Amino acid sequence: MKELLFLLAFLICVARASCQDEGEAAGGMVQQLENLAEQQEGETDDDSQQQQWNYYRHHPLNLNTAGEDELRAMGLLTELQVINLVRYRQLLGNLVSVYELQAVPGWNIELVRRILPLVTVMSNRESLSGVLRRFRGGDHTLLLRYARVLQRSSGYQEPDSGQTNYYKGSPARVLMRYKYNYKNQLQYGVIGDKDAGEQLFKGAQQQGFDFYSLHLFVRGRGHVQSLALGDYTVSLGQGLIQWQSLAFGKSALVTAIKRQGPVVRPYTSAGEFNFHRGAAVTVKYNRISGTFFASARQLGGNAVVDTLSGGKTYISSLQASGYHRTASEIADRNSVRLFAAGGNLQLKIANGHVGVNSIHYTFSLPLSRQQALYNLFAFSGKRLSNYSFDWAYTLRNAHVFGEVAVDDQLHAASVAGVIVSMDAKVDASVLYRNLSRSFHSLFANAFTESASPANERGVFAGISVRPKPHWQIDAYMDIYRFPWLRYQVDAPAAGVDYLLQATFTPDRNTVLYSSFRFGSRLGDVPDQQLLSEVEVQTRRRWRIHVSQVMSRRFTLTCRTEMLWLTAPGRQRGWLFLVDAACKPVRYLAVSGRLQYFETGGFESRIYAYENDVAYSYSVPGFYDKGWRTYINIRKDVRNFLKIMLAERAQLWVRFATTFYPSKKLIGSGLDGIEGSSKSDVRLQLLIGF
Amino acid sequence: MGQTIHYAPAPLYPGVTAYGKTSADVFSATNNIAAAASLHGITAGVYSERKFLLEWNEYLLAIAFPVASTQVSITSTYSGITGYTEGMAAVGLAKGLGKIDIGIQFIYHIVNVAGYGSDNAIGYSAGLSWHLSDQLCSGFTITNPVGGKFLKHNDEKLASVYRFGLGYEASPTVFAGIEVVQEEGSPFTLVASVEYNWAKKFFLRAGVETAIPSPYLGAGVSWKRIRLDVVSTYHPQLGVTPGLLIVFLAKKQE
């Protein structure tokens with residue numbers, strides 16, 4: 001409750017605005033988010049893409065002047081679509097209207113509708129203002145969020161004397177984010193985040209929030225293209241050695257296999273791990289651009305004193321969750337210092353680029369993984385360096401790209417791919433990856449089956465066909481192999497994934513798709529042995545999704561998803577949901593869901609994206625048997641706050657509950673809740689001025 | 001929570017056209033009560049089958065008629081053998097709201113076991129049909145999501161059933177549909193069906209249910225306001241189930 005009062009006390013004022021659907025994931029991204037949640041077993045905190053889209057809603061991107069990097073950074077266009085638009089402009093001049101986009105090769109009406117709210121067509125180029133001028137006239141945004149689970153889990157119960165394993169703070173999660181943005185030419189901001197169970201202004205968090213982040217980002221003039229101070233992300237090549245922006249793996253968007261985006265971005269999310277802290281600068285001279293960065297920050301990690309080797313301390317695992325709730329988590333906080341430095345040099349050539357990248361890490365304490373067979377080739381030590389060479393080239397209707405990387409032990413990793421627009425109705429993509437079992441990298445994220453790019457070989461091939469108007473068929477096949485053991489897989493393993501999705505859009509308001517996925521791979525027989533046997537585990541999934549905008553005020557969505565799992569243990573899963581979204585009156589939007597799920601257990605869980613408050617992803621996984629419902633209300637409160645001079649002010653209230661009729665205990669350990677239901681509430685205030 | 005009573009295996013053949021605007025018939029309400037809103041005039045139907053050519057008989061009676069701007073549907077089923085019978089009587093209302101039709105149904109369920117007596121339970125069902133386009137229809141039904149306890153043995157309850165279906169009327173002569181059915185505590189099943197209407201007089205309907213799996217095939221003829229179908233359903237272990245379907249139309253359907 002103290003956190004809620006703190007939030008409500010933090011009001012400010014000024015002006016500028018509009019009232020649209022802020023912070024919501026675009027259509028195809030929903031499936032990608034669900035796949036990502038399944039891979040990571042949790043939602044991502046990275047809402048930078050949503051923030052960028054929201055910025056474009058208020059300041060549409062001028063398609064006549066946007067460069068390739070800006071178009072890629074939108075996150076909605078494939079590489080071929082970007083290149084085709086740039087070529088179209090070069091050949092035929094500026095676009096007269098956004099509807100002319102349909103004439104651009106590779107751009108269809110669905111894509112145009114999707115990006116329409118974010119773009120515009122103007123003939124004049126916006127000039128870069130002087131640096132000091134940018135501190136006035138930009139957009140100020142303040143976001144305040146409060147969330148909590150209503151039932152008290154065992155971690156919040158009064159502990160027995162001597163017990164240290166409990167949550168020291170309150171169950172509330174509080175997020176505060178202030179940001180200033182002047183036409184993407186100057187951005188600065190501050191974030192404060194308290195996770196559930198952490199303290200606020202006491203205990204281990206005397207300074208208030210558990211996590212603070214500051215960023216300053218300036219787009220330059222002349223040779224200095226950009227400067228980042230504070231927290232920022234770096235993304236290099238195809239992610240083999242460094243990729244800290246939001247990135248997805250396999251999905252029905254079969255041509256979205258290439259990592260693309262700016263090298264340096266300001267860090268504006270609440271995640272506490274995947275970013276750098278220091279300074280980064282991008283300079284450009286003619287066709288050569290270079291980015292150089294340096295970072296020094298504290299990381300959380302489990303520090304272990306090795307009594308057998310003279311009391312030396314090493315880090316057995318890095319803590320990426322950012323949780324500092326219990327005594328042991330607090331003890332792990334800031335236990336190791338990480339220095340990072342690196343850079344990228346890129347040469348633009350006709351229709352492409354080549355680049356070299358390098359990054360060097362130094363830990364204040366050595367890393368040494370848990371002694372296990374699957375960790376035989378894992379990184380250990382205090383220093384790590386990576387070098388890579390990446391390229392991209394477009395030849396007519398084909399775009400090739402790739403990256404080859406090594407670490408300081410010369411263990412290699414490579415990815416190479418091609419995206420081809422074979423016909424006006426057919427696009428195809430192929431990607432090959434070969435990553436040594438001994439290849440080491442940090443903060444990397446390449447197009448791989450595993451969460452980290454190592455110990456994998458595979459080929460992905462995808463095709464997208466539009467055989468008739470209103471129809472689209474997408475399919476992919478991914479065959480891969482893990483040359484060495486992995487966590488919970490006690491043998492080298494291989495796997496295969498297939499997807500076939502048919503999408504029918506009879507009119508602009510209706511989408512119907514049916515998606516079938518088949519996956520098969522080797523996994524451990526759950527026999528609690530030190531070295532388990534492996535078995536083939538097959539997972540089949542079929543989803544049918546229907547959505548229609550029935551009127552300007554009402555949208556209805558239904559989905560059913562079925563899952564068949566052969567191992568471990570034959571299980572089936574089923575999920576059915578009905579979503580309704582309406583705007584009964586101006587400046588009020590209400591969405592809700594009714595969902596039933598029944599699965600054989602945790603292994604057959606099904607993930608389903610949910611509408612949440614702006615800039616928050618909710619992709620929970622459901623297993624066992626139960627009901628899920630939520631209601632999400634968004635109200636424009638600008639009139640209510642008019643004394644504060646806010647031009648844009650929105651309030652979200654979200655209530656969600658999951659009911660398990662057969663359970664008496666939900667969750668386990670410190671998160672275990674007695675009872676059959678688990679409810680959570682979120683309040684969010686977003687003020688723009 | 002108590003034990004969940006599972007329903008006797010329902011006949012597959014009637015009701016598969018629930019997700020079609022012009023293909024829906026009086027039996028469609030057994031799969032989705034909202035489908036009754038697509039019916040016009042008074043219509044009735046009878047269906048019977050002899051499960052696996054054994055002693056087990058199943059009868060289904062359905063009547064639908066308009067009242068003001070709603071459609072009333074009355075259905076009744078009887079299923080069982082000597083010593084064990086199950087019956088159900090349901091009254092439902094369906095109304096068209098343009099693109100969507102909604103329906104609600106109240107169900108009286110009775111179980112009779114020789115030597116143990118009988119027990120009954122009240123259940124309910126709510127459904128929605130969604131006309132995505134002139135040819136495409138979707139819908140869902142939720143039956144007994146909560147409640148449904150038996151009166152004498154109230155630690156036992158009727159199972160919840162969830163259905164989601166999709167139907168495509170490719171032309172006035174061809175209908176294809178698919179339905180996913182999840183009965184509480186049982187593996188889900190898919191029922192896919194295709195119906196072909198030749199010269200508005202002859203019908204051919206085929207499909208499969210995947211839980212067993214169990215295919216079915218039926219052929220029918222329509223004369224004036226009566227339609228007669230002969231049906232056969234196949235179970236890989238238990239054999240063939242023959243059936244007969246008769247539908248009466250008070251008003252000739254276009």
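## Rings, a helix and a chain contact

User: In this predicted model, which side chains meet in a salt bridge at 3.0 Å, N to O?

Analyst: A salt bridge requires a side-chain nitrogen of Lys or Arg within 4 Å of a carboxyl oxygen of Asp or Glu, and the count between chain A and chain B is 1. Residues are numbered from 1 along each chain as its sequence is written, and chains are lettered from A in the order in which they are written. Because the model is predicted, local features need pLDDT of at least 70 and side-chain atom pairs count only at pLDDT 80 or more, while totals for chains, interfaces and linings use all residues, and side-chain values use heavy atoms, with hydrogens and water left out. The side chains that meet, 3.0 Å apart from N to O, are those of B:E184 and A:K625.

User: What area is buried between chain A and chain B?

Analyst: With contact taken as heavy atoms within 4.5 Å, chain A gives 28 residues and chain B gives 25 residues. Buried area is the accessible area (1.4 Å probe) that two parts lose on being put together, summed over both. Carbon and sulfur atoms give 79% of the buried area, which is about 2400 Å².

User: Why is the pair of A:F597 and A:Y660 given its class, and what is that class?

Analyst: Rings of Phe, Tyr and Trp (its six-membered ring) pair if their centres lie within 6.5 Å, and planes under 30 degrees apart count as stacked, over 60 as edge-to-face and the rest as tilted. The structure holds 34 aromatic pairs over all chains. In this one the centres of A:F597 and A:Y660 are 5.8 Å apart and the planes stand at 75°, so the pair is edge-to-face.

User: Which residue has its charged end over the ring of A:Y660?

Analyst: A charge sits over a ring if NZ of Lys or CZ of Arg is within 6 Å of the ring centre and within 35 degrees of the ring normal. A:Y660 is buried, where buried means under 20% relative accessible area (1.4 Å probe, protein chains only). At 4.5 Å from the centre of this ring sits the charged end of A:K663.

User: How many residues of α5(A) are buried?

Analyst: Helices are DSSP runs (H or I, at least four residues), numbered from the N terminus, and α5 of chain A covers residues 79-92. Its buried residues, among them A:L80 and A:V86, pack against elements of chain A including α4 (68-73) and β14 (381-395). The helix is mostly covered, and the number buried, out of 14 residues, is 10.

Terms used. Buried < 20%, exposed > 50% of the residue type's maximum accessible area, 1.4 Å probe, protein only. Helix = DSSP H or I, 4+ residues; strand = E, 2+ residues; numbered from the N terminus. Expected span 1.5 Å × (residues − 1).
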